[in-house]
Amino acid sequence: MAEVWARRLPPPGDVASAAVVFVAMVAVRLGSEGDTGASLPVTVALGAVIAGGLAVRRRAPLAGYVVGTAGLVVEALWVGPGPLTPVANLIAVHSLGLYASPRRAAFGALLVPPGVVAHFAPKDESSVVPVAVVLVWLLVWAAGCATARRRRETEELRRLLRRETLVAERVRIARELHDVVGHSVNAMLVQAGAGRMVLDTDPARTRELLLSVERTGRDALTELDRLLGVLRADDDPATEGTVRDHGTAGGHRTDADHDADHEDDGDETGLDPGDLDQLVRPMADAGMDVRLRVEPETLTLPRALRLSVHRIVQEALTNALRHGHARSAEVTVRRQRWGNAVLVRVVDGGEGPPPRYRPGRGLRGIGERAAALGGTVAHGPDDEGGGFALTVELPLP
C-alpha cells in the first residue's frame, strides 16, 4: 500500500520547484503592488492553486494545467494579472505536451486561448498581443509534444531491440542444445543398435560399443554442463547491465559476440585436430569411416571460428549418419587460397538428399551460425560420389 501511495505522490523535485514558484509569485505580487490586509489571503490562495498545478505536472499534467489555468483566470479577473503567473502557466503548458497522452494533450491545448484572453482582459491591449502570446504558448506546447513523441519512439525501439535480443538468445540456445544433444543421442543410438546386432556373435565388439556409448554420453553431459554454465553466467545479475546495454544500444547480440564473451585469455586459440578427432570417434564406433583433413594454415583461428567449425562438422556428420545412412565421410578444413576465409567442406557417401529436399533444423542452424560470422553456406547432392555435400565459408576477422 505504501508503494502505491508513493507512486501516486508528486516527485519531490516537482514539489520543490512548485514551492519556489509559489514563494516567488507571492513575493513579487506583494512587492510590486503592496497588497496588504484582505487581499493577502486571496493572493496567497491563488498562488497556492497556480503553483499546486505545477506540483502535479508529471503525475497529472492535464489536471495540473486545468487547475493552473483556472487560478490564472480567477487572478486576472478578480485581483489582476500577476507578473509571474504567465511563466508558471507556460511551464504547465509545456508539461502538458510532454507528459500527457496525445488525446489529453490535444484537449488541454483548447484551454490555451481562453486562458490567454482572460489574462489580458483587464489590460488595455490590442488584439495583436494576445494572438502572439497564444502562438508562443502553442509552440511551447508543440515542443513538449514533439519531445514526448520522440521519447515514445525511442522506448518502442528499445522494446523491439530487447525482443529481438531475447528471440536471438532463444534461437542460439535451441541451436546449441540441438547440436550437443542431437549429435550425441544419434551417435549413441547407432552404437547401441550396432552392439545389439553383435551381442551374441562378438562380445568383445559389443563391449567396445557399450564403452563408446558410455564415453559419448559422458562427453554429452560435459558439453551440456558447459552450455548450462554459459547460460547461468548470462543470467548473473552482475552481468545483466552489460547484456542490456548490448541489446539496446548496439542491436541484438550474435553468436560471435557470445563466443567472444567467453573467450580464453589471448586473442587466438588453436583449432586442435584432437577436438575434431574426439568428435569423429563416435562416428567411427558407429561404423562410419571419417577421413579428416585439417590444413596447417587453419591451426590458429579465433575462438568464435573454432567453435563454429566444430559445431558445423558435428552437425554435418550427424546428418550424414542419421539421414543419409552414410558409411563414409570426408571432412576438410582449409584456408581459401584466394580469399581471407576458412573453408569447411563435409562430403558423405550416403544416399544423398531426395529431390527438392528442404533444409531441416540442423542445416538451418548451420546457416544461422555462418550468417552470424558473415559467412555463406552451400549444400546439395555431391556431383562425384552421389552423397551429400556441405560447403561453408567463414571469413577471417
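## A helix to start with

Helix 13 has 20 residues, which at 1.5 Å a residue should span 28 Å, and its end C-alpha atoms are indeed 28 Å apart, so the two figures agree. The expected span here is 1.5 Å times one less than the number of residues. Helices (H or I, at least four residues) and strands (E, at least two) are DSSP runs, numbered from the N terminus. Helix 13 is also mostly covered, with 17 of its 20 residues buried. Buried means under 20% relative accessible area, exposed means over 50%, and partly exposed is what falls in between (1.4 Å probe, protein chains only).

This is a predicted model, in which local features need pLDDT of at least 70 and side-chain atom pairs count only at pLDDT 80 or more, while totals for chains, interfaces and linings use all residues. Residues are numbered from 1 along each chain as its sequence is written, and side-chain values use heavy atoms, with hydrogens and water left out.

## The chain as a whole

Stepping back, the protein chain has 14 helices and seven strands. Buried residues make up 39% of its 397 residues. The chain exposes about 21600 Å², and carbon and sulfur atoms supply 60% of that; accessible areas come from the Shrake-Rupley method with a 1.4 Å probe, and for residues only the protein chains shown count as cover.

Now for contacts, meaning heavy atoms within 4.5 Å. Among contacts in the protein chain with a separation of 6 or more, 75% are between residues 24 or more positions apart.

## The five-stranded sheet

Five strands form an open sheet with mixed pairing, in the order 2-4-5-7-6. Strand 2 and strand 6 (376-381) stand at the edges with a single partner strand each, so one side of each has no neighbour in the sheet. On average, neighbouring strands of this sheet are turned by 10° against each other, direction ignored. Two strands count as paired if DSSP finds at least two bridges between them. Strands of a sheet pair through backbone hydrogen bonds, either parallel or antiparallel.

Let's walk through some of the pairs. Strand 2 (residues 289-294) runs parallel to strand 4 (residues 328-335), with six bridges, and Val294 sits opposite Val333 of strand 4. On to strand 5 (residues 341-348), which pairs with strand 4 in the antiparallel sense over seven bridges; here Val331 faces Val346 of strand 5. Strand 6 and strand 7 (residues 388-395) are antiparallel too, joined by six bridges. Gly380 has Ala389 in strand 7 as its bridge partner.

## Helices against the sheet

Helix 13 (residues 303-322) packs on this sheet, touching strand 2, strand 4, strand 5 and strand 7, and its direction makes about 170° with that of strand 7. Helix 14 (residues 361-372) lies across strand 6 and strand 7, running at about 15° to strand 7. For these angles, axes are lines fitted to C-alpha atoms (for helices, over the stretch in contact), and values run from 0 to 180 degrees between N-to-C directions.

## Two nonpolar cores

A nonpolar core is a set of buried Ala, Val, Leu, Ile, Met, Phe, Trp, Tyr and Cys residues joined through side-chain atoms within 4.5 Å. The largest one has 34 residues, of which Met288, Val313, Leu317, Val392 and Leu394 touch the most other members. Helix 12 (273-285), helix 13, strand 4, strand 5, helix 14 and strand 7 are the elements that give two or more residues to this core. Which element gives the most to this core? Helix 13 does, with nine residues.

Leu317 is a good place to look: leaving out residues up to four places away in sequence, Leu317 touches Leu279, Val280, Met283, Met288, Val290, Ala329, Val331 and Val346. There is also a second, separate core of 23 residues, including Ile50, Leu54, Val116 and Cys145.

## A few residues to click on

Ala329 lies in strand 4 and, at 1% relative accessibility, counts as buried. Not counting residues up to four places away in sequence, Ala329 touches Met288, Asp289, Val290, Arg291, Leu317, Val347 and Asp348. The C-alpha atoms of Ala329 and Val346 are separated by 6.9 Å, with their positions 17 residues apart along the chain.

Thr206 belongs to helix 9 (residues 203-234) and is buried, with a relative accessible area of 5%. Beyond its neighbours within four places in sequence, Thr206 is in contact with Gly195, Val198 and Leu199. And Val20, in helix 2 (residues 12-33), buried or exposed? Val20 is exposed, with a relative accessible area of 56%.
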